[in-house]
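Colleague: I should like to learn how to read a structure of this kind. May we go through some of its features one at a time?

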Amino acid sequence: MKKLNRQLIKATNWALSGLMALVGFAGCDRFGSEEYGTPNADYEFSGKVTGAKGEAVPHIQIKVTREDQHGYAPGIDSVRTDADGKYNITFNHFPSESFSFIATDVDGALNGSYRSDTTKVEITDKDFDKKGNSWYAGTAKKEVNITLKEEELQSE
C-alpha cells in the first residue's frame, strides 16, 4: 500500500509539472520578446528664433529638457540656430507630454545681446504623425518658434 501511494504521488507530481510547463509556455506568444526594454519615442522639433522686432537671431543655443525631469535631459544634444535663425533638433527619448526649450545667447554681443528664455512645449497625440506600438510610441513632429527680448545694457 505504501509503495502504491508513492507511485501515485510521483505520477501526480509528473502530471502537474507537465501541465504547469504547458500552461507556462502557452502564455508566451510572439509579444513575449518585447517584455524587456524601455518605452521610447522619436521627436523632431524645428523652428525659428527671432528678436522682438521679428528679425532672425543666429547663433542661439537651444537646449531641450523634459518637464518631468528637472534639469538637462541626458542624451539630448543642444543645437544652435543658423544664419537665418532656424534650428532643427531630432532625438529619441523616453515619452514625455511636455518639454522645455531653453534659448540662450552664447555669442555675446556678436549678433546683439538677448536674454535667455524658456518655452514650454506640450506634446499631444495629434503631434505624432507615425504611431508606434508596444514600447515604441512613434514619431512626434512640432514647430517651436521662439521670440527673444534684447538684453538691456546697464550704464555704469
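**Salt bridges and a strand pair**

Modeller: Let us begin with one contact: Glu44 and Lys141 join their side chains in a salt bridge, with N to O at 3.6 Å. This pair connects distant parts of the chain, since Glu44 belongs to strand E1 (residues 40–51) and Lys141 to strand E8 (residues 136–143), 97 residues apart. Please bear in mind that this is a predicted model.

Colleague: How many salt bridges does the structure hold?

Modeller: The structure holds four salt bridges. The cut-off to remember is that a side-chain nitrogen of Lys or Arg must lie within 4 Å of a carboxyl oxygen of Asp or Glu. Asp129 and Lys141 form one of them, at 3.6 Å from N to O. Asp129 is in strand E7 (residues 128–131) and Lys141 in strand E8, so this salt bridge ties together parts 12 residues apart in sequence. Through shared partners, salt bridges join Glu44, Asp129 and Lys141 into one network.

Colleague: Why does Glu44 count as partly exposed?

Modeller: Partly exposed covers the range between buried, under 20% relative accessible area, and exposed, over 50%. Glu44 counts as partly exposed because its relative accessibility is 29%. Lys141, at 39%, is partly exposed, and Asp129 is partly exposed at 44%.

Colleague: Which residue forms a salt bridge with Glu122?

Modeller: The partner of Glu122 is Lys120, and their closest N and O atoms are 3.5 Å apart. Glu122 is partly exposed, with a relative accessibility of 40%, whereas Lys120 is exposed, with a relative accessible area of 52%.

Colleague: Let us turn to the strands. Which side chains of strand E4 are buried?

Modeller: The general idea is that side chains in a regular strand alternate between the two faces of the sheet. In strand E4 (residues 86–93), Tyr87, Ile89, Phe91 and His93 are buried and point to one face. Lys86, Asn88, Thr90 and Asn92 point to the other face and are not buried.

Colleague: In what sense do E1 and E4 pair, and over how many bridges?

Modeller: The pairing of E1 and E4 is antiparallel and runs over eight bridges. As an example, Asp42 has Asn92 in E4 as its bridge partner. Asn92 is also among the E4 residues whose side chains are not buried.

Technical notes: Residues are numbered from 1 along each chain as its sequence is written. This is a predicted model: local features need pLDDT of at least 70, side-chain atom pairs count only at pLDDT 80 or more; totals for chains, interfaces and linings use all residues. Side-chain values use heavy atoms; hydrogens and water are left out. Helices (H or I, at least four residues) and strands (E, at least two) are DSSP runs, numbered from the N terminus. Buried means under 20% relative accessible area, exposed over 50%, partly exposed in between (1.4 Å probe, protein chains only). Two strands pair if DSSP finds at least two bridges between them.
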